[in-house]
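Student: I would like to learn how to read a structural model feature by feature. Could we take one together, moving from the general idea to the particular case each time?

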Amino acid sequence: MFDALDAGLLNIIITTMKVTLPSSAISAVLGTALGLLLEGSQFYGKRIIVRINRTLMGSPPVVVGLVCYLLFMRKGVFGFMDILFSVKAMVVAQVMIITPIISGMVYSSAERNAPNIRSFAHTMGASAGQTRLLLIKELKNEVYFAAISGFGRAISEVGAVMIVGGNIRGKTRTMTTAITLLRNQGNYSEAIYLGCVLMAIALCVQLVADNLKGKEAVGDDNY
């Protein structure tokens with residue numbers, strides 16, 4: 001039943017990982033840095049920036065995909081890069097979607113906990129650099145949860161990657177876009193099969209991340 005699907009399944013899985021893992025990692029770094037920077041800074045218009053970020057957390061993926069398409073099309077601002085309908089363009093689109101989510105979650109967590117952490121650090125005579133390191137260490141669980149949430153959004157993304165990737169077989173077809181195509185073709189059994197594979201991969205990645213996080217926690221306790 002799944003011969004046609006199985007023939008290209010490995011390529012689809014690899015493409016999905018090529019898009020999801022880099023975009024999740026880049027967004028985790030950018031989102032965490034922006035969230036902490038926003039929380040620790042005081043400037044005019046900060047509330048507006050926070051509200052804009054919260055708005056972007058719910059950005060429709062198809063809108064982000066359209067913006068990326070217009071930027072990377074031949075006549076677009078970044079058309080000279082010639083990356084439209086490629087994995088690179090899909091990664092950029094996902095970073096634009098995920099980064100506000102992670103930065104917003106990190107900012108909310110830091111806003112609740114950072115004052116007490118800074119107060120403790122000040123009491124202990126910590127320097128500014130030591131205070132920042134302590135802040136990151138104390139918020140690592142929140143940062144981890146934000147990063148995992150970003151990964152979940154990335155691996156389930158359809159609209160943006162469909163627009164900028166084009167769902168090209170053997171090149172930019174991911175598991176979610178393949179499921180969409182199979183559904184449009186009426187191949188529901190194969191779509192369900194591929195959906196189960198997608199869920200299994202997402203579970204495995206999360207289990208690996210949880211295991212690494214658990215080992216890190218044990219190492220901190222031993223230290």
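**Reading the model, feature by feature**

Tutor: Let us start from a single residue, Val205, which lies in helix α9. The model is a predicted one, and Val205 in it is partly exposed, its relative accessible area being 24%. Its C-alpha atom is separated by 9.3 Å from that of Phe151, although the two residues are 54 apart along the chain.

Student: Since the model is predicted, where in the protein chain is confidence lowest, and where is it highest?

Tutor: The protein chain has an average pLDDT of 87, and 93% of the residues score at least 70. Confidence is lowest in helix α9 (residues 188-222), with a mean of 78, and highest in helix α3 (residues 61-72), where the mean is 94. Val205, with which we began, therefore sits in that lowest-confidence helix and is partly exposed at 24%.

Student: What does the secondary structure of the protein chain come to?

Tutor: There are nine helices and zero strands, so that, by the DSSP runs used to define them, the pattern read along the sequence is α-α-α-α-α-α-α-α-α. Taken along the principal axes, the C-alpha atoms fill a box of roughly 65 × 45 × 25 Å. Among contacts between residues at least 6 apart in sequence, 75% join residues at least 24 apart.

Student: How should I read burial, and what share of the residues counts as buried?

Tutor: The general idea is that, in soluble globular proteins, nonpolar side chains tend to be buried together. In this chain of 223 residues, 39% count as buried, while the accessible surface comes to about 12,900 Å², of which 65% belongs to carbon and sulfur atoms.

Student: Which residues of the largest nonpolar core touch the most other members?

Tutor: That core has 14 residues, and Ile155, Met175, Leu194 and Ile201 are the ones that touch the most other members. Helices α1 (3-40), α6 (140-155), α8 (175-185) and α9 each supply at least two residues of this core, and the largest share, six residues, comes from α9. If we leave aside residues up to four places away in sequence, Ile201 touches Ile13, Met17, Ile155 and Met175. A second core, separate from this one, has 13 residues, including Ile83, Leu84, Ile97 and Val161.

Student: Which residues of α8 are buried?

Tutor: They are Met175, Thr176, Thr177, Ala178, Thr180 and Leu182. After α8 comes Gly186, which has a positive phi near 85°.

Student: Which residues have a positive phi although they are not glycines?

Tutor: Two cases can be named here, Phe85 with a phi of about 60° and Asn167 with a phi of about 55°. Phe85 is found in the loop between α3 and α4 and is partly exposed, at 31% relative accessibility, whereas Asn167, in the loop between α7 (159-165) and α8, is buried with a relative accessible area of 10%. Ser86 also has its place in the loop between α3 and α4.

Student: Is Ser86 buried or exposed, and why?

Tutor: Ser86 counts as buried because its relative accessible area is 15%, and the cut-off for that class is under 20%. Not counting residues up to four places away in sequence, Ser86 touches Val164 and Thr172.

Student: How many salt bridges does a search of the whole structure find?

Tutor: The general idea is that side chains of opposite charge can pair when their charged atoms come close. The search finds one salt bridge, formed by Arg118 with Glu39, whose closest N and O atoms are 2.7 Å apart. This pair links distant parts of the chain, with Arg118 in helix α4 (residues 87-123) and Glu39 in helix α1, 79 residues apart. Arg118 is partly exposed, with a relative accessible area of 30%, whereas Glu39, at 9%, counts as buried.

Student: Which residues form a nonpolar patch on the surface?

Tutor: The patch consists of Phe43, Ile48, Ile49, Ile52 and Leu56, which together have about 440 Å² of accessible area. Leu56 has its place in helix α2 (residues 46-57) and is partly exposed, with a relative accessible area of 38%. A residue needs over 30% to belong to a patch, and Leu56 meets that condition because its value is 38%.

How values were computed: Residues are numbered from 1 along each chain as its sequence is written. This is a predicted model: local features need pLDDT of at least 70, side-chain atom pairs count only at pLDDT 80 or more; totals for chains, interfaces and linings use all residues. Side-chain values use heavy atoms; hydrogens and water are left out. Patches are made of residues with over 30% relative accessible area and no salt bridge: like charges are joined within 9 Å, nonpolar side chains (Val, Leu, Ile, Met, Phe, Trp, Tyr) within 5 Å. Accessible areas come from the Shrake-Rupley method with a 1.4 Å probe; for residues, only the protein chains shown count as cover. A salt bridge is a side-chain nitrogen of Lys or Arg within 4 Å of a carboxyl oxygen of Asp or Glu. Helices (H or I, at least four residues) and strands (E, at least two) are DSSP runs, numbered from the N terminus. Buried means under 20% relative accessible area, exposed over 50%, partly exposed in between (1.4 Å probe, protein chains only). pLDDT is the predictor's confidence in each residue, from 0 to 100. A nonpolar core is a set of buried Ala, Val, Leu, Ile, Met, Phe, Trp, Tyr and Cys residues joined through side-chain atoms within 4.5 Å. Contact means heavy atoms within 4.5 Å.
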